[in-house]
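Subject: Handover of a structure, with notes on what was found

Dear colleague,

I am passing on the structure below, together with the notes I made while going through it. Please read them alongside the coordinates, and look up each residue as you come to it.

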Amino acid sequence: MRAAVLHETGQDKLEVVDDVEPAGFGPGKVRVRIRATGLCHSDLSAMNGTLPQLAPFVPGHEGAGEVLEVGDGVTHVRAGDRVLVCWLPACNSCPSCRRGQRHLCLTGFMNAGTANFRRTTGGTDVFGFAGTGTFAEEAVFDAPCAVPIPDDVPFEIAALIGCGVTTGLGAAFNTARVEAGSSVAVLGCGGVGVSAIQGARACGAARIVAVDPVASRREAALRFGATEAVAPDELAAAKQRLTGDEGFDYVFEVVGRSATARTAYETTRRGGTLCVVGAGAMDDQLQFNMFELFFDEKRILPSLYGGGDVLRSYDRAVELWRAGRIDLESLITHRVSLGEINDALDQMRTGEALRTSISL
């Protein structure tokens with residue numbers, strides 16, 4: 001079967017090969033035919049080494065498709081079911097799960113160290129990004145990674161719900177808990193940032209300022225619910241004009257860089273909330289002095305995968321989409337085949353694409 005493979009961390013191109021097969025099928029596993037997958041910035045971060053990932057590997061973690069086969073002990077899905085891929089499944093037995101923080105379960109991360117693909121030429125093991133690897137025609141996952149989806153949800157929409165949409169909406173709903181009538185700024189308006197904007201709008205925020213260096217993304221943010229969109233060098237003036245220089249009630253950092261997070265902190269009002277959504281590098285240090293932490297009493301809330309029970313978050317996203325409260329179709333600005341994956345990577349690097357849907 002075909003799959004897109006990164007041979008070494010740091011390479012900027014994927015090789016689409018046709019000698020890959022799923023590996024590891026057995027009890028507690030499912031084999032899925034991937035029908036659509038989204039390209040997320042985290043895939044780029046894994047490729048360049050910002051996010052740790054063993055290589056060679058198949059990127060991709062936003063996927064949806066059909067179950068081909070289930071292993072012994074799997075009862076929640078069966079062959080033929082339509083599913084999305086959950087890259088961070090809950091084991092429901094670890095301390096985090098028992099506390100109700102299932103999004104902090106480490107089981108999925110541990111699975112990332114086990115190869116779930118193999119090259120038929122040479123027998124080389126190939127890993128799947130975050131234990132999944134959806135840039136492949138088929139893949140084998142732990143059973144909890146396969147989450148049933150309703151028949152009316154298209155595969156390309158379900159794939160987005162599997163990561164970017166859930167992450168952005170959840171940051172607003174679960175982590176920050178944006179209040180009606182509040183002011184919001186979102187720094188970084190790719191697919192996740194725009195989803196955070198939609199979440200803030202659904203929560204009833206009165207003002208939502210989108211901040212991004214790419215003009216097309218600023219224009220898109222306005223269509224998705226931002227009340228104003230500015231370039232990064234215009235943010236200070238917007239803060240002065242809209243808040244009397246006090247700062248915004250909620251600021252979402254969706255870039256994953258310490259410099260942006262520091263700007264976000266300074267843009268947050270005293271007593272306000274900074275929500276860190278972007279996935280950054282382990283060696284990128286963010287500094288605060290002890291006086292400002294004490295005196296300004298700003299809440300700093302990291303948000304991993306939307307900061308809540310992902311299964312509930314999936315259901316909520318579907319219901320909001322059905323009701324027309326959020327727009328998921330327009331998030332997909334580009335559609336490509338697997339053979340065009342490197343063009344899609346370039347479009348994400350330049351900011352041309354919000355989300356690219358890859359058909360397999």
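For the sheet described next, two strands are taken to pair if DSSP finds at least two bridges between them. Please also keep in mind throughout that this is a predicted model.

**The four-stranded sheet**

In S9, the residue that Phe57 has as its bridge partner is Phe127. The strands concerned, S5 and S9, run parallel and are joined by two bridges. They belong to an open sheet of four strands, arranged in the order S3-S8-S9-S5 and with mixed pairing. Strand S3 (20-22) and S5 stand at its edges, and because each has a single partner strand, one side of each is left without a neighbour in the sheet.

**Backbone points in the loops**

Just before S5 there is a feature worth checking by eye: Ala55 and Pro56 are joined by a cis peptide bond, with omega at about 0°. Pro56 is placed in the loop that runs between helix H1 (41-48) and strand S5 (57-58).

Two residues other than glycine have a positive phi, and I take them in turn. For Asn92, phi is near 65°, and the residue belongs to the loop between strand S7 (82-85) and helix H2 (95-98). For Ala130, phi is near 55°; this residue is found in the loop between strand S9 (125-128) and S10, and Ala130 counts as buried, at 13% relative accessibility.

**Salt bridges**

Side chains of opposite charge can pair when their charged atoms come close. Searching the whole structure for such pairs gives 19 salt bridges, and I describe some of them here.

Glu138 and Arg31 meet through their side chains in a salt bridge, at 2.7 Å from N to O. This pair links distant parts of the chain, since Glu138 is in strand S10 (residues 138-142) and Arg31 in strand S4 (residues 29-39), 107 residues apart. Arg31 is partly exposed, its relative accessible area being 22%.

Strand S4 also supplies Arg35, which forms a salt bridge with Glu66, with 3.0 Å between the closest N and O atoms. Here too distant parts of the chain are linked, with Arg35 in strand S4 and Glu66 in strand S6 (residues 62-70), 31 residues apart. Both ends of this bridge are partly exposed: Arg35 has a relative accessible area of 32%, and Glu66 stands at 25% relative accessibility.

A further salt bridge is formed by the side chains of Glu319 and Arg322, at 2.8 Å from N to O. Because these two residues are three apart in helix H11 (residues 310-322), about one helical turn separates them. Glu319 is partly exposed with a relative accessible area of 47%, and Arg322 likewise counts as partly exposed, at 40% relative accessibility. Elsewhere, Lys13, Asp346 and Arg349 are joined into one network by salt bridges that share partners.

**Aromatic rings and charges**

The search of the whole structure for aromatic pairs finds four. Rings also take part in contacts with charged side chains: Arg82 lies over the face of Phe155, at 4.4 Å from the ring centre, while the charged end of Lys298 sits over the ring of Tyr265, at 4.3 Å from its centre.

**Cysteines**

Which cysteine sulfur is the closest to that of Cys97, and why is there no bond between them? The closest one is in Cys94, at 3.7 Å, and a disulfide requires the sulfur atoms to be within 2.5 Å, so the two are too far apart for a bond. Cys97 is buried, with a relative accessible area of 3%.

For Cys189 the closest cysteine sulfur is that of Cys275, 14 Å away, which is again too far for a bond. Cys189 counts as buried, at 0% relative accessibility. Over the whole structure, the number of disulfides is zero.

With best regards

Methods. Residues are numbered from 1 along each chain as its sequence is written. This is a predicted model: local features need pLDDT of at least 70, side-chain atom pairs count only at pLDDT 80 or more; totals for chains, interfaces and linings use all residues. Side-chain values use heavy atoms; hydrogens and water are left out. A salt bridge is a side-chain nitrogen of Lys or Arg within 4 Å of a carboxyl oxygen of Asp or Glu. Buried means under 20% relative accessible area, exposed over 50%, partly exposed in between (1.4 Å probe, protein chains only). Rings of Phe, Tyr and Trp (its six-membered ring) pair if their centres lie within 6.5 Å; planes under 30 degrees apart count as stacked, over 60 as edge-to-face and the rest as tilted. A charge sits over a ring if NZ of Lys or CZ of Arg is within 6 Å of the ring centre and within 35 degrees of the ring normal.
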